[in-house]
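Trainee: Could you walk me through how to read a protein model? I'd like the general idea each time, and then the case at hand.

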Amino acid sequence: MKNPKKILLPLAGALCLSATLSSALAAAFPVTLHNLTPSQREALRGQGQVGTAYLSQNNETGTNGSLCAPFTAQAASAVFVLTTAPGAENYNVQLYQGMPGEGKAASDYTVSPVNGGVCFTGLEPGKTYYMKISSSTLRSSGCTVTYELLNDLHWAADGQ
């Protein structure tokens, strides 16, 4: 290799740019998310409101999917769990702020196992939110799922 600087400098620059863009994108959402540990999920089991929704087979980036679980935030945190999803191993979920179908993304998306949960923190009490869900592991074009939403959670900084 004649001049490693000609290769390494652009590569280092690209890596720095990538890290900067990733940080900027992460900071672009006002709400952060946390996938629940099994013990956290178990501690919250059965405490939320139960509903049903349609889970569609969509892309893993969470940009497509079905809208569900509209709610008005009662606290700065909420937990969402897809408790049953016949034929799916996991699901994509992303939080939106606004009226269903008219809102804008309020969090990044995450992938959670079915019956695993996601805690969203940084909600503004009194504001309307909803979820967009999909699954890339669904073995059919879609199914009816059951979810649990715990909307009045006062989540400690350590997630307990």
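Mentor: Let's go through the fold, the sheets, the aromatic rings, the cavity and a couple of backbone oddities. Keep in mind that this is a predicted model.

Trainee: Okay. How many helices and strands does the protein have?

Mentor: There are two helices and nine strands. Going along the sequence, the pattern reads α-β-α-β-β-β-β-β-β-β-β. As for burial, 39% of the 160 residues count as buried.

Trainee: On to the sheets, then. What holds strands together in general?

Mentor: Strands of a sheet pair through backbone hydrogen bonds, and the pairing can be parallel or antiparallel. In this model, one open sheet has five strands in the order E1-E7-E4-E9-E2, paired antiparallel.

Trainee: Which strands stand at the edges of that one?

Mentor: Strand E1 (32-35) and strand E2 (49-56) do. Each has a single partner strand, so one side of each is left without a neighbour in the sheet. From one strand to the next, the twist averages 25°.

Trainee: Can you take me across the sheet, pair by pair?

Mentor: Sure, let's take some of the pairs. E1 is joined to strand E7 (residues 117-121) by four bridges, and the two run antiparallel. There, Asn 35 stands opposite Val 118 in E7. E4 and E9 are antiparallel as well, with six bridges between them, and Val 79 has Leu 150 in E9 as its bridge partner. Then E2 and E9 pair over eight bridges, again in the antiparallel sense, with Tyr 54 opposite Thr 144 in E9.

Trainee: Is E9 mostly covered or mostly open?

Mentor: Mostly covered: nine of the 12 residues of E9 are buried.

Trainee: What is the strand order in the four-stranded sheet?

Mentor: That open sheet runs E3-E8-E5-E6, with antiparallel pairing. Its edge strands are strand E3 (66-72) and strand E6 (104-113), each pairing on one side only. If you ignore direction, neighbouring strands are turned by 20° against each other on average. E5 and E6 run antiparallel and are joined by seven bridges; look for Gln 94, which stands opposite Tyr 109 in E6.

Trainee: Now the aromatics. How do I describe a pair of rings?

Mentor: You give the distance of the centres and the angle of the planes. This structure holds four aromatic pairs. Take Tyr 96 and Tyr 130: their ring centres are 5.4 Å apart and their planes sit at 15°, so the pair is stacked.

Trainee: Why does that pair tie together separate parts of the sequence?

Mentor: Tyr 96 lies in strand E5 (residues 90-97) and Tyr 130 in strand E8 (residues 128-134), so the pair links parts that are 34 residues apart in sequence. Both Tyr 96 and Tyr 130 are buried. Elsewhere, ring pairs link Phe 80, Tyr 91 and Tyr 147 into a cluster.

Trainee: What about Tyr 129? Is Tyr 129 buried or exposed?

Mentor: Tyr 129, in strand E8, has a relative accessible area of 1%, so it counts as buried. Tyr 129 and Leu 95 are also 34 residues apart in sequence, and their C-alpha atoms are 6.9 Å apart in space.

Trainee: How do people look for holes inside a protein?

Mentor: Rolling a probe the size of a water molecule over the atoms shows where empty space is left. Here the structure holds one cavity of 30 Å³ or more, and the largest cavity has about 40 Å³ of space.

Trainee: Which residues line the largest cavity?

Mentor: Arg 41, Leu 44, Val 79, Val 81, Glu 148 and Leu 150 do. The elements giving two or more residues to that lining are helix H2 (38-44), strand E4 (77-84) and strand E9 (142-153). By character, the lining divides into four nonpolar residues, no polar ones and two charged ones. You've already met Val 79 and Leu 150 as bridge partners.

Trainee: And the backbone oddities?

Mentor: Look at phi. Ala 69 has a positive phi of about 55°, although it is not a glycine. Ala 69 lies in strand E3 and is buried, with a relative accessible area of 2%.

Trainee: Where does Asn 115 lie?

Mentor: Asn 115 is in the loop between E6 and E7. Its phi is near 75°, a positive value in a residue other than glycine. With 26% relative accessibility, Asn 115 counts as partly exposed.

Note on methods: Residues are numbered from 1 along each chain as its sequence is written. This is a predicted model: local features need pLDDT of at least 70, side-chain atom pairs count only at pLDDT 80 or more; totals for chains, interfaces and linings use all residues. Side-chain values use heavy atoms; hydrogens and water are left out. On a 1 Å grid over the protein atoms alone, a cavity is a set of points where a 1.4 Å probe fits but cannot get out, and a pocket is an open set with protein on both sides within 12 Å along at least five of seven lines; lining residues have an atom within 4 Å of a point. Grid points are joined across faces, edges and corners, and a volume is the space filled by probe spheres set on the points. Ala, Val, Leu, Ile, Met, Phe, Trp, Tyr, Cys and Pro count as nonpolar, Asp, Glu, Lys and Arg as charged, and the others, Gly among them, as polar. Two strands pair if DSSP finds at least two bridges between them. Axes are lines fitted to C-alpha atoms, for helices over the stretch in contact, and angles run from 0 to 180 degrees between N-to-C directions. Rings of Phe, Tyr and Trp (its six-membered ring) pair if their centres lie within 6.5 Å; planes under 30 degrees apart count as stacked, over 60 as edge-to-face and the rest as tilted. Buried means under 20% relative accessible area, exposed over 50%, partly exposed in between (1.4 Å probe, protein chains only).
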